[in-house]
Amino acid sequence: MIDTQKNIFRIMTSTNANRFVYYFKRIPLIGKLLPDRLYGDLPLKKNLAVFAAILIFFRKILGKAFFVGLFIVLPAVLMTKDTPQLRFASYLHIFAVVSLFGSFLVSQVFTGDRDEYLCVRLMHMDAKDYIVSTTLFREITDFIYFLPVMLFATVLMGGTPVQAVLLTVLRAGLSLIGEALFLLLYTRAGVMPSGKGSYLVATGTLCLAAAYLPPLLHRPIVPCGLLFHPAFLLPLFALAAVCVFFLVTYRQYHEIALATLKSSSFSEDPGKLMAEAKFADVEVREKDFRDAELKLHKFDSKEGFAYLNAIFFDRHRRLFVRPILIRLAIIAILSAGAIVVSFFSPHPFEPIRPGVILPAFVFILYLVSIGERVCKAMFYNCDISLLRYSFYREKGAVLSNFKVRLFRVAGLNLIVAAAICVATVGLASFFRMGWPVSETVSFVLSILFLSLFFSVHHLFLYYVFQPYTTESGVKNPFYSIISNGVYILCFSCIKIKSPPSYFALIVLAATFLYIVIALILVYRLAPKTFRVK
Amino acid sequence: MQLELTGITKSFDSKEVLKGVDFTFEQGKIYGLLGRNGAGKTTLFNCLSGEIKADKGEASLRREEQKTALDPEKIGYVLATPVLPEFLTGYEFVKFFMDINQKKIRSNRTIDDYLSLIQIEPDDRHRLIKGYSHGMKNKMQMLCCIIAQPPVILLDEPLTSLDIVVALEIKKLLREMKRDHIILFSTHILQLATDLCDEIVLLNNGKLEQVDHSILGDPQFEDKIIQLLKDEEEA
């Protein structure tokens, strides 16, 4: 078994070093420094592999720290203020419950990953040797990664270092027992629940409820005294030892490997799989369309890009029309809610001027505007293939297509914007807030311009920076900068408590200017930048 | 009409794939571009079609004495793995393609005529392209060339993964079309090349070289081609 682990190490070392070189080469500017022949430079790669292993070591510890911090320490602290004893009890409760359920959530033995496929299927390593040695190796390394994190966290929460070590051993023991139970389940009932969606959801929900509800109610139920009592720990460790024996002597690993390592799921290149997963949410579904509907020639009167886009928006209405309807419904429900509230309390709202709420609406419009998902759908369902045709890349074609799409997206967004205007102005007059006409007009105009602004914004980014790739999406850095910049700007508008009277003017001028500049840039650059990368 | 390539070079990182491609292709002939895996067939096609930019060199079309640059719209490119907008039906795609290329279309065939020509059955015409088989998608791509009639047609291993019936249909289509076009057909299947093509061109060591006509009818053709490919590798 030691030999197997050594062999696995050798393969992984090579893969890790290659991966390191590969990703390093993709870093802009400095990536070019590494020549291709590095893949063949074995001594250098050995050093790189050591370096990569150190990186992985720290990354794993960081990962565990993140997990313990975010899911165990933070909730315990947040749910129990000022009572150290209760806080420590909650911490123990959450850790114990999460460890318990965690060990029944996923099984290392039944997780056939790419490495296992490589070693067992392609290189014909013995399945039993492989699975047993990787599982045990995983348990040991997890223990090592968890130990410093748990020492720190437990002492921080008011425990002793010995308790921290015991907790870490407890986690490892539970995890081993979990693996053994998965094996038993497979042998007796022939089922492999590990990693199955419905099983994960069910166990996950139970885990969340059991871990967080009791501390939330200030009644952690894992008894602190019992958890560290030898009468509890010793039998548990004995059971874990029996489980290890069971794992090592178990015979049916070959069957398990056959069942978990299906060629079909590994032969595809991972980049492609990732891309497919990425655009799954914008994919057109064949079963959504009945034959009769496809035979209707309802768009035959249109021509060229108008025809293409008419069909595109029609076939993807799930992506475009439904979100709009949901937004309209939310606006209607909120408005109706406000009116209902007024029946019970005569003056529920302080009178406010339209200028004061406008900053908040900048962010609201950012949230309600559709655009990013539309562009993604355009790319993966339409442009990715049509951009391979030269006629589609011609300047005239790119621009006329852009125009048709802009009108469509802006039209959809304006419906929502108009509804927002009607709702706010309507409510203001219902509650007799006495908005002056001039301020109301500039408020409405600002909302409509903002809506137009976001429509242009997304399409502009898409056409000029084309952030999507055919494989795992390496986004254009400029795309991220501008996109995040606009987000931060819109978000920070909420923080403006008393906006100046000319805020509406600023919004109008800024959005107008951005729209004009964006359109000019699209006109100038898009014919060159709008490509599949 | 002639397609002239002069000094086309292309490198990826430090690997020089095309090392100065010089060649003249004639109208009315199907050229079989033979090369081993990784010889640069697809790279050459991508350079010609404008998908990637060549480092050096130029491609131009010569009609009588007039020479014009080969811009992408003069090229029909049929890719090994067909890419088509999957949310359209076959019928809708043809309509869209015809709308866009209106100016280039000289025939007065209807959409259904075209689809009959490549033997897409009436039942399939109004199905989403997403559900089409590989062969059907390939025929749709060929149809683009038939409709727009670009002077140069590039076919990147188009028959390799098709069943024999579809392959035969496409071969017939190509033979019918070749009179007005320059057709370049890349493959690494020797038999396909001898069967369909009028000329065989080898892409080896980053350069193009025409195979002598006398070899084509030779019973030992296969051995000789392999000898040529090997010799150049060693040279």
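**Exercise: a strand pair in chain B**

Find the bridge partner of Leu5(B) in β4(B), then describe how the two strands pair.

Solution. In this predicted model, Leu5(B) has Ala59(B) as its bridge partner in β4(B). A second pair is Thr9(B) with Lys56(B), also in β4(B). The strands concerned are β1 (residues 2-12) and β4 (residues 56-63) of chain B, which pair in the antiparallel sense over six bridges. Strands here are DSSP runs of E with at least two residues, helices are runs of H or I with at least four, and both are numbered from the N terminus. Two strands pair if DSSP finds at least two bridges between them.

Residues are numbered from 1 along each chain as its sequence is written, while chains are lettered from A and ligands numbered from 1 in the order in which they are written. As the model is predicted, local features need pLDDT of at least 70 and side-chain atom pairs count only at pLDDT 80 or more, whereas totals for chains, interfaces and linings use all residues.

**Exercise: the antiparallel sheet**

Extend the pair to its full sheet, and state which strands stand at the edges.

Solution. Begin with the next strand: β4(B) is joined by four antiparallel bridges to β5 (residues 66-69) of chain B, and Leu61(B) stands opposite Thr68(B) there. The hairpin of β4(B) and β5(B) has two residues between its strands, and Glu64(B) in it takes a positive phi near 50°. The full order is β2-β1-β4-β5 (chain B), an open sheet of four strands with antiparallel pairing. β2 (15-26) and β5 of chain B each have a single partner strand, so one side of each has no neighbour in the sheet. From one strand to the next, the twist averages 20°. Last, helix α1 (residues 41-49) of chain B packs on this sheet and touches β1, β2 and β4 of chain B, its direction making about 65° with that of β2(B). Such angles run from 0 to 180 degrees between N-to-C directions, with axes fitted to C-alpha atoms, for helices over the stretch in contact.

**Exercise: the mixed sheet**

Give the strand order of the six-stranded sheet of chain B, its edges and a helix that lies across β6 and β7.

Solution. The order is β6-β7-β8-β3-β9-β10 (chain B), the sheet is open and the pairing is mixed. Its edge strands, each pairing on one side only, are β6 (75-78) and β10 (207-210) of chain B. The average twist between one strand and the next is 20°. Inside the sheet, β7 (residues 152-156) and β8 (residues 182-187) of chain B run parallel and are joined by five bridges; Val152(B) faces Ile182(B) in β8(B). The helix is α5 (residues 134-148) of chain B, which runs at about 165° to β6(B).

**Exercise: the nonpolar cores**

Which residues have the most contacts inside the largest nonpolar core?

Solution. The core has 121 residues, and the residues with the most contacts inside it are Tyr463(A), Tyr31(B), Leu154(B), Ile183(B), Phe185(B) and Val201(B). Here a core is a set of buried Ala, Val, Leu, Ile, Met, Phe, Trp, Tyr and Cys residues joined through C-beta atoms within 7 Å; buried means 20 or more other C-beta atoms within 10 Å of the residue's own, C-beta atoms being placed from the backbone. Helix α20 (residues 437-465) of chain A gives the largest share, 15 residues. Not counting residues up to four places away in sequence, Leu154(B) touches Phe45(B), Leu48(B), Ser49(B), Ile75(B), Tyr77(B), Val78(B) and Leu184(B), a contact being C-beta atoms within 7 Å. Another core of 47 residues lies apart, including Ile72(A), Val98(A), Phe110(A) and Phe182(A). Of the 235 residues of chain B, 41% count as buried.

**Exercise: the contact between the chains**

How many residues does each chain put into the contact, and which helix of chain A gives the largest share of its side?

Solution. Chain A contributes 23 residues and chain B 26 residues. On the chain A side, α13 (291-295), α14 (304-315), α17 (372-386) and α18 (390-393) each supply at least two residues. The largest share, six residues, belongs to α14(A). By class, the chain A side has 11 nonpolar, four polar and eight charged residues; Asp, Glu, Lys and Arg count as charged, Ala, Val, Leu, Ile, Met, Phe, Trp, Tyr, Cys and Pro as nonpolar, and the others as polar. For confidence, the model scores ipTM 0.75 and pTM 0.63.

Key:
Contact = placed C-beta atoms within 7 Å. Buried ≥ 20, exposed ≤ 12 C-beta atoms within 10 Å, placed from the backbone.
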